[in-house]
Amino acid sequence: MKLYTGILSVKKKSNKASFSLFSCNSLVRFLALQLKTILSELIIKLTMKVGVDELGKVLMLFASMTGNTELMAEIITDVLEAKGYTVETKTFDLDAIDVEELLDYDGVLVGTYSWDDGELPYEVEDFYDELDDVDITGKVIGVFGSGDSFYDSFGGAANLLGDRFEQKGADLVPERLIVDMEPDKDDVVRCQNYAEVFCKMVENTNGD
């Protein structure tokens, strides 16, 4: 953005250059107008940012092998963001996860697929063990994931995480949302309703 455009004309007279520029008053008015525009845009951005932060920050953390759990995470995230929440998404296989980070958020959502007969995926095991090192008492947390009903322990990994969070004193969303393989239309609605319940729990906690 050009804040100032000068008109420069060089006139040769007696081998001396004379310069014609905007008058001082015109320049001052021009710069004042530009500054006012910049400040207005900044105020709007800051106002929008404050409005989002007032609702809360949520950590979306998941492990997905075939994409089914990731799809669930996206559906839930869409609901949260539509309500004005700030959602930070991380994956167990790509991001470094420090359990202390859980304390930086108003709510946490953890999703996982189930490995073999309902076991935790290897990339989630360290996180599961390291929960011993953090106090998440009262933290609003929800667990979800995909599974295969062919196995006896359907969605066992999500239930293992749910049990772990309960043992640690977290304020757990009552339902452990588990979908059989890829989410269908009914499962999409379940994910959306689950997100609504999670949001209400976060709002109630922030309102205390």
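**A buried salt bridge**

Glu-101 and Lys-90 are both buried. They form a salt bridge, with the closest N and O atoms 2.5 Å apart. The pair links distant parts of the chain. Lys-90 sits in strand β4, residues 86-91. Glu-101 sits in the loop between β4 and β5, 11 residues away from Lys-90. The model is predicted, and the distances given here are computed from it.

**Arg-190 and its two partners**

The salt-bridge count comes to 7. Arg-190 takes part with Glu-175, where the closest N and O atoms are 3.3 Å apart. Arg-190 lies in helix α5, residues 185-207, and Glu-175 in the loop between β7 (171-172) and β8 (177-180), so this pair ties together parts that are 15 residues apart in sequence. Arg-190 is partly exposed, at 30% relative accessibility. Glu-175 is partly exposed as well, with a relative accessible area of 36%.

Arg-190 also meets Asp-187 in a salt bridge, at 3.3 Å from N to O. Here the link is within helix α5: the two residues are 3 apart, which means about one helical turn separates them. Asp-187 has 10% relative accessibility, so it counts as buried. Elsewhere, Asp-163, Glu-166 and Arg-176 are joined into one network by salt bridges that share partners.

**Ser-114 in its loop**

Ser-114 is placed in the loop between β5 (107-112) and α3 (122-130). Is this loop residue buried or exposed? Its relative accessible area is 17%, and buried means under 20%, so Ser-114 is buried.

The side chain of Ser-114 reaches two backbone nitrogens. That of Gly-156 is at 3.2 Å. That of Ala-157 lies 3.0 Å from a polar atom of the Ser-114 side chain. Leaving out residues up to four places away in sequence, Ser-114 touches Gly-155, Gly-156, Ala-157 and Ala-158, along with Glu-119 and Ser-146.

**Two nonpolar cores**

In soluble globular proteins, nonpolar side chains tend to be buried together. The largest nonpolar core in this model has 24 residues. Which of its members touch the most others? They are Met-60, Ile-76, Leu-80, Leu-109, Phe-144 and Phe-198. At least two residues of this core come from each of β3 (57-63), α2 (68-82), β6 (140-147), β8 and α5. Helix α5 gives the largest share, with 7 residues.

Leu-80 shows some of these contacts. Neighbours within four places in sequence aside, Leu-80 is in contact with Val-58, Tyr-85, Val-87, Leu-109, Ala-195, Phe-198 and Cys-199. Another core, of 23 residues, lies apart from the largest one. Among its members are Ala-63, Tyr-105, Val-110 and Val-143.

**Met-181: a positive phi**

Met-181 is not a glycine, yet its phi is positive, at about 60°. Where is Met-181 placed? It is in the loop between β8 and α5. Met-181 has 41% relative accessibility, so it counts as partly exposed.

**Points to look at in the structure**

- The Glu-101 to Lys-90 salt bridge, with both residues buried.
- Arg-190 in helix α5, with Glu-175 in the loop between β7 and β8.
- The Ser-114 side chain and the backbone nitrogen of Gly-156, at 3.2 Å.
- Helix α5 and its 7 residues in the largest core.
- Met-181, with its positive phi of about 60°.

Notes
Residues numbered from 1 in each chain as written. Predicted model: local features only at pLDDT ≥ 70, side-chain atom pairs only at ≥ 80, totals over all residues. Heavy atoms only, no water. Helix = DSSP H or I, 4+ residues; strand = E, 2+ residues; numbered from the N terminus. Buried < 20%, exposed > 50% of the residue type's maximum accessible area, 1.4 Å probe, protein only. Polar contact = N/O pair within 3.5 Å; in protein donor to acceptor, adjacent residues only side chain to side chain. Contact = heavy atoms within 4.5 Å. Salt bridge = Lys/Arg side-chain N within 4 Å of Asp/Glu carboxyl O. Core = buried A, V, L, I, M, F, W, Y, C linked by side-chain atoms within 4.5 Å.
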